[in-house]
Every structure is written in structure tokens, then in C-alpha cells.
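User: I'd like a close look at a single part: the strand pairing, with whatever surrounds it. Please take me through that in one connected answer.

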Amino acid sequence: MVSCIAAAAILVALYIVTYYNFLKGARCRSDTCLRGKTVIVTGGNTGIGKQTALDLARRGARVILACRNKERAEAAVFDIRKKSGNNQVVFMQLDLASLKSVRAFAETFLKSEPQLHILINNAGIGSNGKTADGFNVVWEVNHLGHFLLTRLLLDRLKLCSPSRVVVVTSAMYRYGKIDFSNLNPPGEGLIQVLRNYSCSKLCNVLFVRELANCLEGTNVTCYSVHPGAVNTEVFRQLKCWMKVFFVPVATLFFQTPVDGAQTPIYCAVQEGIEKFSGRYFVDCKVREVLPHARDDAVARKLWEVSERMVGLGS
Ligand SMILES: NC(=O)c1ccc[n+]([C@@H]2O[C@H](COP(=O)([O-])OP(=O)(O)OC[C@H]3O[C@@H](n4cnc5c(N)ncnc54)[C@H](OP(=O)(O)O)[C@@H]3O)[C@@H](O)[C@H]2O)c1
């Protein structure tokens with residue numbers, strides 16, 4: 001009995017040491033105040049986006065939660081207002097799986113909000129299915145919808161510079177491949193969904209590189225961010241049998257959404273990182289990406305193809 005208790009105590013101690021030394025990740029230490037600044041967080045109603053929005057609201061920003069589901073978003077607005085003591089937190093409808101909705105959001109935002117200082121492209125999905133626009137849902141939500149959103153808001157960001165765009169990607173970008181002859185394969189089956197997800201996250205990294213080129217000299221900077229492995233609702237689509245294995249692992253070994261929000265917050269507020277515009281951040285530090293994610297010719301072509309897909313002239 002005594003040896004069982006001792007073994008359990010050692011295991012718990014080992015777990016705590018491992019968690020705090022290797023899993024928890026770095027914290028954003030910046031005390032930047034955002035009073036008078038306006039921020040958009042896509043998918044700000046839950047997970048990493050909600051914790052990012054809460055932190056930025058605590059810094060005094062006016063925070064727009066750009067979300068698809070009114071009820072979930074309004075519950076998050078209520079919660080963030082209460083926790084931050086900031087009543088400048090509002091919901092605006094945005095469904096990134098619809099280019100029409102992205103255009104409507106941008107139109108409403110530009111009419112009703114005079115300023116934009118930080119755009120956080122956080123919303124993301126990893127699931128099957130096709131959108132009404134005819135794209136696979138992962139491609140449209142994770143890349144194309146955010147591409148259009150950013151482009152439509154760019155002039156306002158330039159007007160309010162210094163300003164920033166933060167794109168939440170994933171370390172899964174490393175498994176992504178871009179095949180321009182088949183950019184939008186149907187997302188059926190787990191393997192294909194994972195392929196589509198990795199490809200969309202590679203597009204996030206390449207988009208930020210090309211965006212930084214386009215923004216040179218404007219005082220608008222941009223960053224892509226891997227938030228870490230974070231225990232959020234992103235895995236809600238998993239089948240029940242997968243959850244049996246996955247939920248305990250995620251609970252024990254993944255970061256909390258507060259931890260996962262640290263690098264997006266860092267890239268949104270940390271002073272002095274402007275020289276890293278276009279780069280990829282993990283754990284509040286700039287990191288080199290693999291060669292296929294820093295191919296500027298592919299990044300340029302992706303930009304042009306995306307422009308055509310969303311119906312923007314260059
Ligand atoms: N969790 C991780 O381990 C991890 C690792 C690497 C990267 N990431 C990235 O981190 C970002 C945030 O993910 P998370 O883990 O916080 O996931 P989450 O808890 O599932 O949150 C995702 C957010 O995206 C929103 N969203 C999904 N489809 C949308 C659409 N069509 N239009 C507008 N919003 C939509 C969701 O809205 P609803 O609530 O209405 O569904 C939700 O607010 C994603 O880009 C993800 O790829 C996560």
C-alpha cells in the first residue's frame with residue numbers, strides 16, 4: 001500500500017515537472033495597453049480565440065468577436081465583458097465558409113467602425129464537407145475566407161497604422177503540400193481531412209509571407225503563429241471511439257486555451273517585433289519554417305490564385 005502511494009506520488013511529481021517545463025509554453029509578458037484601439041478576433045467565441053479576445057479586452061481594446069453562431073458569440077461577449085470589466089466587446093456575424101458573408105461582414109464593419117488596429121485570423125476547422133461556394137470547408141474557412149477578409153480590411157489597417165495582422169496557423173503546415181492543379185480536393189475521410197487541414201495551414205504561412213511583401217513600407221505588419229497543442233473544441237468532430245483515446249491525452253498533455261493564446265497575444269501586442277513581419281512564431285519566439293513554407297514563388301502564385309477564387313482583381 002505504501003509503495004503504491006509512493007509510486008503515485010512520483011508519477012504526479014513527474015507529470016507536474018514535465019507539464020510546467022515542457023508542455024505549458026511561454027507567456028506573453030508585454031504590458032501594452034490597447035485603450036483606444038480596435039481589434040477583430042475571428043472565432044473569438046471559444047478556445048484560443050476567446051482567450052485572446054479576453055486578454056485584449058483586459059488591455060482596454062474595443063474587441064469585435066467575428067463569429068458564425070449568434071448564440072455562442074453572445075454568450076462569449078457576456079463572459080468576456082464580465083471578466084474584463086470592458087463593455088467595448090461586441091459581436092458581428094461572420095461565416096468564413098461563405099464569401100458572401102465575408103463581404104457582408106467587411107461592409108458592415110467598415111461602415112460602423114472607424115478604426116482597425118489588430119486583425120486576428122484565428123477561426124479554424126478540421127472537418128468534412130463542402131461549402132455553398134463549392135469549396136472544401138477546410139480550404140474556405142482556414143484560408144480563402146480569411147484571405148478575402150484581410151484584403152477587404154487592408155486599407156483600414158493601413159489608415160490606422162501602426163497596425164497588425166496575426167494569422168493562427170499550425171505546426172501541421174509541415175505536412176502540407178500545395179498542388180495548384182488540385183487545390184480544393186473533397187474532404188472525405190480522416191486522412192484527406194488531415195491533408196486538407198495541413199495544406200490550409202501551409203497556405204496561412206505562405207499568405208503571411210506574401211502579405212508582408214505587399215505591406216513593406218506601410219507600417220502594417222503581419223505574423224503567423226502556431227499556438228501549441230491546445231485542449232479546445234477543435235477536436236469536436238472526432239468520432240466517439242477516437243474521443244475515448246484522445247480526450248484523456250488532451251486533458252493531461254495539451255495546453256489550456258489560456259496558454260495557447262499566449263503567442264497570438266504576443267504577436268498582437270509585443271513591441272519591437274515589427275522587423276519580423278511575415279515570419280512564423282511559436283512559444284513567443286520567431287522560428288524558421290521548412291523550405292516549402294518559405295518558397296516566395298509559391299506564395300506569390302497562391303496569392304494570385306486566391307484572388308481569382310474570391311473574385312478580386314489585383
Ligand atoms: N487546438 C490546437 O491544438 C491547435 C493547434 C494548432 C493550431 N490551432 C488553430 O488554432 C485556431 C483556433 O482553434 P481552437 O483550437 O481554438 O479551436 P475551437 O475551439 O474549435 O475554435 C474554433 C473557432 O473557429 C470558429 N469557426 C469555425 N468555422 C467557422 C466559420 N465557418 N466561420 C466563422 N468561424 C468559424 C468556431 O466557431 P463555432 O464555435 O461557431 O464552431 C470557433 O469559434 C484554429 O485556426 C486552429 O486551426 C489549434
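Analyst: Two strands count as paired when DSSP finds at least two bridges between them. Keep in mind that this is a predicted model.

Start with the whole sheet. Eight strands make up an open sheet, and their order is β3-β2-β1-β4-β5-β6-β7-β8. The pairing is mixed. β3 (89-93) and β8 (285-287) sit at the edges. Each has a single partner strand, so one side of each lacks a neighbour in the sheet. On average, neighbouring strands are turned by 25° against each other, direction ignored.

Now go to β4, residues 118-121. On one side, β4 runs parallel to β1 (residues 38-42), joined by three bridges. Here Val 41 stands opposite Ile 120. On the other side, four bridges pair β4 with β5 (residues 163-168), again in the parallel sense. Arg 164 of β5 is the bridge partner of Ile 118. The side chains of β4 split two ways: Ile 118 and Ile 120 point one way, Leu 119 and Asn 121 the other. All four are buried. Asn 121 also gives a sense of distance. Its C-alpha lies 27 Å from that of Val 249, with the two positions 128 residues apart in sequence. Val 249 belongs to helix α7 (residues 240-253). Val 249 counts as exposed because it has 11 C-beta neighbours inside 10 Å.

How does the chain get from β4 to β5? It goes by way of helix α5 (residues 137-159), and the three elements make a right-handed β-α-β unit. The loop between α5 and β5 holds Pro 162. A cis peptide bond joins Ser 161 to Pro 162, with omega at about 5°. Most peptide bonds are trans.

Move on to β5 and β6. β6 covers residues 220-226 and pairs with β5 over six bridges, in the parallel sense. Ser 163 has Val 220 as its bridge partner in β6.

Helix α6 comes next, spanning residues 190-214. Its 25 residues reach 36 Å from first C-alpha to last, close to the 36 Å expected. Is α6 mostly covered or mostly open? It is mostly covered, with 18 of the 25 residues buried. The loop between α6 and β6 contains Asn 219. Phi of Asn 219 is near 75°, a positive value in a residue other than glycine. With 14 C-beta neighbours inside 10 Å, Asn 219 counts as partly exposed.

Asp 283 is another case of positive phi, near 55°. Asp 283 lies in the loop between β7 (280-282) and β8. Asp 283 counts as partly exposed because it has 16 C-beta neighbours inside 10 Å. Most residues other than glycine have a negative phi.

Last, the ligand. The shell around the ligand has 29 residues, and those that come nearest are Gly 43, Gly 47, Ala 123, Gly 124 and Thr 232. Helix α2 (residues 47-58) gives the most to this shell, with three residues. By class, the shell has 13 nonpolar, 12 polar and four charged residues.

Conventions. Residues are numbered from 1 along each chain as its sequence is written. This is a predicted model: local features need pLDDT of at least 70, side-chain atom pairs count only at pLDDT 80 or more; totals for chains, interfaces and linings use all residues. The expected span of a helix is 1.5 Å times one less than its number of residues. A residue is buried if 20 or more other C-beta atoms lie within 10 Å of its own, exposed if 12 or fewer, and partly exposed in between; C-beta atoms are placed from the backbone. A residue is near a molecule or strand if its C-beta atom, placed from the backbone, lies within 6 Å of it. Ala, Val, Leu, Ile, Met, Phe, Trp, Tyr, Cys and Pro count as nonpolar, Asp, Glu, Lys and Arg as charged, and the others, Gly among them, as polar. A crossover is right-handed if, with the strands pointing away from the viewer, the path from the first strand over the helix to the second runs clockwise. Axes are lines fitted to C-alpha atoms, for helices over the stretch in contact, and angles run from 0 to 180 degrees between N-to-C directions.
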